[in-house]
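Trainee: Could you walk me through this model? I'd like to ask things as they come up.

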Amino acid sequence: RPQDVAGYAALIRRGCPTFIECKGYAYVGHSRHRGRLSWANVPFADQVVSFARLLEAELDGDWQVVAAHHASRAVLLARKEAKDADGNWRTHIDFPSFFEDPSRPWPEYSTTTPTEACAQRARPRAPEHGRTAISAGA
C-alpha cells in the first residue's frame, strides 16, 4: 500500500528491527479459495521494489535495500549496522548462536559469510513482460 509509506516507516522506527521484508501477495494455495483476493491483488515485482525504495527514502538512511527476488515478489531492507567495515552486507543469521542468547545485538550473532552477490540483485524478468531488471543495490 504505497499510500501508507509514512505509517509503515513510523511502525518500523518504533520497533527498530534489523531486517524488513517487503513481500507482495501471490495468488496461490488456500488464499485462492477464500474469495477475498484475486489476481488483481497481485503486484508486479517492480511495484514491490518501488514500494521498498519509497520506504527506504522515508526511513532517512537508517535502512537500505539489500536484496530483491522478483519471482518471490520480495525485497529485503536491512539496518546499516548489518554492513561490515569492508562494506559487505551480513544478513545471514547464525540461528544456533542467536537462540543461545537472543538478547544480544545483531552483530554478535551474524555469520562471517557475506550476503551472496546474486541475492543483492533483482533477477531480470522475461522480455515479454516489458520490464527490465531493477538493481536492489549493494
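Trainee: Where does Ala26 lie?

Mentor: Ala26 is in the loop that runs between strand E1 (19-23) and H2. Helices here are DSSP runs of H or I with at least four residues, strands are E runs of at least two, and both are numbered from the N terminus. Residues are counted from 1 along each chain as its sequence is written. This is a predicted model, so local features need a pLDDT of at least 70, side-chain atom pairs count only at pLDDT 80 or more, and totals for chains, interfaces and linings use all residues, while side-chain values rest on heavy atoms, with hydrogens and water left out.

Trainee: Got it. Is Ala26 buried or exposed?

Mentor: Ala26 falls in between: with a relative accessible area of 28%, it is partly exposed. Buried means under 20% relative accessible area and exposed means over 50%, with partly exposed in between (1.4 Å probe, protein chains only).

Trainee: And how far apart in space are Ala26 and Leu37?

Mentor: From C-alpha to C-alpha, Ala26 and Leu37 are 9.7 Å apart, and in sequence they are eleven residues apart.

Trainee: Let's turn to the strands. How many bridges join E2 to E3?

Mentor: Six, and E2 and E3 run antiparallel. Strands count as paired if DSSP finds at least two bridges between them. One of the partnerships puts Val65 with Leu77 in E3. The hairpin of E2 and E3 has four residues between the strands, and there Arg73 takes a positive phi near 55°.

Trainee: What about E1 and E3, in which sense do they pair?

Mentor: E1 and E3 are antiparallel too, over five bridges. Glu21 stands opposite Leu76 in E3.

Trainee: How many of the residues in E3 are buried?

Mentor: Five of the six, so strand E3 (residues 74-79) is mostly covered.

Trainee: Changing topic: which residues does Glu56 touch?

Mentor: Leaving out residues up to four places away in sequence, Glu56 touches Gly61, Trp63, Gln64, Val65 and Leu77. A contact means heavy atoms within 4.5 Å. Glu56 belongs to helix H2 and is buried, with a relative accessible area of 16%.

Trainee: A buried Glu! Which residue does Glu56 meet in a salt bridge?

Mentor: Arg53, at 3.1 Å from N to O. The term covers a side-chain nitrogen of Lys or Arg within 4 Å of a carboxyl oxygen of Asp or Glu. Because Glu56 and Arg53 are three residues apart in helix H2, about one helical turn separates them. Arg53 is partly exposed, at 30% relative accessible area.

Trainee: How many salt bridges does the whole structure have?

Mentor: Three. Another joins Arg13 and Asp60, 3.6 Å from N to O. That pair links distant parts of the chain: Arg13 sits in helix H1 and Asp60 in the loop between H2 and strand E2 (63-69), 47 residues apart. Arg13 is partly exposed at 38% relative accessibility, whereas Asp60 is exposed at 61%.

Trainee: And which residue forms a salt bridge with Glu81?

Mentor: Arg79, with the closest N and O atoms 2.6 Å apart. Glu81 is partly exposed, at a relative accessible area of 46%, while Arg79 is buried, at 15%. Arg79 also lies over the face of Trp63, 4.5 Å from the ring centre. That label needs NZ of Lys or CZ of Arg within 6 Å of the ring centre and within 35 degrees of the ring normal.

Trainee: Speaking of rings, how many aromatic pairs does the structure hold?

Mentor: One. Tyr8 and Phe51 meet edge-to-face, 5.8 Å centre to centre with 85° between the planes. Tyr8 is in helix H1 and Phe51 in helix H2 (residues 45-58), so the pair ties together parts that are 43 residues apart in sequence. To count as a pair, ring centres of Phe, Tyr or Trp (its six-membered ring) lie within 6.5 Å; planes under 30 degrees apart are stacked, over 60 edge-to-face, and the rest tilted. Phe51 is buried at 14% relative accessible area, and Tyr8 is partly exposed at 35%.

Trainee: Last one: what pLDDT does the protein chain average?

Mentor: The average is 75, and 72% of the residues score at least 70. pLDDT is the predictor's confidence in each residue, from 0 to 100. Over residues 122-138 it is below 50, and that stretch has 36 contacts in the model beyond near neighbours in sequence. Among the elements, helix H1 (residues 5-15) has the highest mean pLDDT, 92, and helix H3 (residues 95-100) the lowest, 76.
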